[in-house]
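Okay, everyone, thanks for coming. I'll put the sequence and the structure up, and then we'll walk through it together.

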Amino acid sequence: MAQQEDVFKKIVSHCKEYGFVFPSSEIYDGLGAVYDYGQNGVELKNNIKQYWWQSMVLLHENIVGIDAAIFMHPTTWKASGHVDAFNDPLIDNRDSKKRYRADVLIEDQLAKYDEKIQKEVEKARKRFGEAFDEEQFRTTNARVLEHQQKRDALHERFSKALNDNNLEELRQIILDEGIVCPISGTRNWTEVRQFNLMFKTEVGSTADGASTIYLRPETAQGIFVNYLNVQKTGRMKLPFGIAQIGKAFRNEIVARQFIFRMREFEQMEMQFFVKPGTELDWFQKWKQTRMAWHQALGFGAENYRFHDHDKLAHYANAATDIEFHMPFGFKEVEGIHSRTNFDLSQHAKYSGKKIEYFDPETNESYTPFVIETSIGVDRMFLSVMCHSYCEEQLPNGESRVVLKLPAALAPVKLAVFPLTKKDGLPEKAQEIIKDLRFHFNCKYEEKDQIGKRYRRMDAIGCPYCVTVDQQTMEDNTVTLRDRDTMEQHRVNIADLRSIIEDKVSITSLLKKIDK
Ligand code: GAP
């Protein structure tokens, strides 16, 4: 566990050192849970977004995209339920004056039981060696059973309190479990209160009669309010989808784990409108489609799992998360929800407009049902970074840090180095870049020894490096080095594009999922 935490810390500092992610407004000591993407981060982020967008809009004839405004009419959020119910249960510690999410304190307590169990298992594994039967141990060891029983009881009580929206019971659980404030170490807790996560601001000057509006907490509502516009102007027939990528804002109280939980973040959401009664089939299809999108990155199927929700929002009839194995455990990266006709019906009710679909096959009008796929760009970015970060011992005794990014997502695809800064080598290297830069992102580097330049490119995940040397001037060949194998071979400059382009293009990923 501690080892994993160390790895995570290294990833966070690597992100900063190599221009991927910086704390926002850092010269003023930063702003909690807000981050900026640097020169390499923005390229990686754009590639993730492109992969998602193209998988939706290019590969599906019946999915189109939009780009709705962040500000929306405030009634949108009344209709969607966010004004009344987009809340977190908060609790303050009177001694440290620190504020916490009550549900997160209890979730952390559940994780502590899991850790205790895991420790017993690891101890026994060491003791019994090869003969160790983990399943038998877990089901028979008295200490493990005791921890498990306490964990299950807590989980049941916690789920019930959440379901009943019972804030007093949440507080009582915190007291009964003896949960202390990590800062003050005391149990001097306030009541639990609901706290709305939406940021408010005002449009218009006060003299004009300013009105309160919200920064959108999800992009989805921009799609719902445009359902009629897109369906009519695009003459869309059910089933069809609308995709969107954009910023969302939540006043998260517990902002932890770097870019995992941010106050300003980006979502890639797709609402798929279907005929009522067919939604659960579509839900299953989208589960598979989205899992295939993740797995095409080659991070290993064992690092993903579905987490089906037992507790459904009142408007949903099925929901699941795609979780990824981060250094701090399996965590939600994407949600897939069958949202019935809740959102469209609510907007029809609050706007007084008829929001329906006329089905030419049955001559009926009805409100479509919706399957939503919703993934956070930043969480996806984090999962890619976590899986790609690698510290390697080399046969020559040296070590290197390499980002084994999928080539299609890498910020820089090809680095070109002149071996020395003389004899026309720099000019030749620039000539290669001039030719290839139309096809993929190239970088020129002439500073330091070649070895150091390779290390810098490894650290930003550049899949290919080319070195221009004396021989290049004679026969137009260069050495091409592969990031992962570190193998080098000589190739003709004229062949570089065909060797590299296919491997680094988003198309190479799209082909894997479009079978
Ligand atoms: N429209 C549905 C919706 O917004 P959600 O589960 O609240 O559902 C969807 O969010 C995805 O957005 C999450 O799976 C996560 O990847 C991302 N996300 C949500 N809150 C976030 C935050 N505070 N910081 C970063 N990403 C977040």
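Before we start, one term: when I say a residue is buried, I mean its relative accessible area is under 20%. Also keep in mind that this is a predicted model.

With that in hand, let's start with one strand. How many residues of strand E21 are buried? E21 covers residues 464-468, and 5 of its 5 residues are buried, so by that cut-off the strand is mostly covered. Look at how the side chains go: Tyr464, Val466 and Val468 point one way, Cys465 and Thr467 point the other way, and all are buried.

Now, who sits beside E21? On the one hand there's strand E19, residues 414-418, which pairs with E21 in the parallel sense over 5 bridges. Within that pairing, phenylalanine 417 stands opposite threonine 467. Then there's E22, which pairs with E21 in the antiparallel sense over 4 bridges. Threonine 467 turns up again here, with threonine 479 in E22 as its bridge partner.

Follow threonine 479 one step further. It stands opposite arginine 490 in E23. Strand E22 is residues 477-482, strand E23 is residues 488-492, and 5 bridges join the two, running antiparallel. Those two strands make a hairpin with 5 residues between them, and in that hairpin methionine 486 takes a positive phi near 65°.

Okay, let's zoom out. The protein has 18 helices and 23 strands. Of its 515 residues, 47% count as buried. The C-alpha atoms fill a box of roughly 80 × 70 × 55 Å along the principal axes. If you take contacts between residues at least 6 apart in sequence, 65% of them join residues at least 24 apart.

For the surface people: the protein exposes about 26000 Å², and carbon and sulfur atoms supply 48% of that. On charge, we have 71 positive and 77 negative side chains, and the centres of the two sets lie 2 Å apart.

Next, the sheets. One open sheet has 7 strands, in the order E3-E9-E10-E16-E13-E12-E11, with mixed pairing. Which strands stand at its edges? That would be E3, residues 63-65, and E11, residues 304-308; each has a single partner strand, so one side of each is left without a neighbour in the sheet. Neighbouring strands here are turned by 25° against each other on average, direction ignored.

Inside that sheet, take E13, residues 329-338, and E16, residues 369-376: they pair in the antiparallel sense over 5 bridges. If you want a spot to click on, glycine 335 stands opposite serine 374 in E16. Helix H2, residues 39-58, packs on this sheet and touches E3, E9, E10 and E16. The direction of H2 makes about 160° with that of E9.

There's also an open sheet of 3 strands, in the order E5-E4-E6, with antiparallel pairing. Its edges are E5, residues 99-101, and E6, residues 193-196; each has a single partner strand, so one side of each has no neighbour in the sheet. Neighbouring strands in this one are turned by 50° against each other on average, again ignoring direction.

E4, residues 87-92, is joined to E6 by 4 bridges, and the two run antiparallel. Proline 89 stands opposite glutamine 194 in E6. Helix H5, residues 102-128, packs on the sheet, touching E4 and E5, and its direction makes about 65° with that of E5. Helix H8, residues 167-176, packs on the sheet too, touching E4 and E6, at about 45° to the direction of E4.

Two helix stops to finish. Which residues of helix H12, residues 342-351, are buried? They are Phe342, Asp343, Leu344, Gln346 and His347. Those buried residues pack against helices H3, H9 and H10, and against E10 from the 7-strand sheet. Just after H12, glycine 352 takes a positive phi of about 75°.

The last stop is leucine 145, in helix H7, residues 142-163. Leucine 145 is partly exposed, with a relative accessible area of 39%. Leaving aside neighbours within four places in sequence, leucine 145 is in contact with Arg138, Thr139 and Thr140. Leucine 145 and isoleucine 117 are 28 residues apart in sequence, and 8.6 Å apart in space, C-alpha to C-alpha.

That's my tour, thanks.

Key. Residues numbered from 1 in each chain as written. Heavy atoms only, no water. Buried < 20%, exposed > 50% of the residue type's maximum accessible area, 1.4 Å probe, protein only. Contact = heavy atoms within 4.5 Å. Areas by Shrake-Rupley, 256 points an atom, 1.4 Å probe, with all protein chains shown as cover. Lys, Arg positive; Asp, Glu negative; His and termini not counted. Charge placed at Lys NZ, Arg CZ, Asp CG, Glu CD. Pairing = 2+ DSSP bridges. Axes fitted to C-alpha atoms, helices over the stretch in contact; angles between N-to-C directions.
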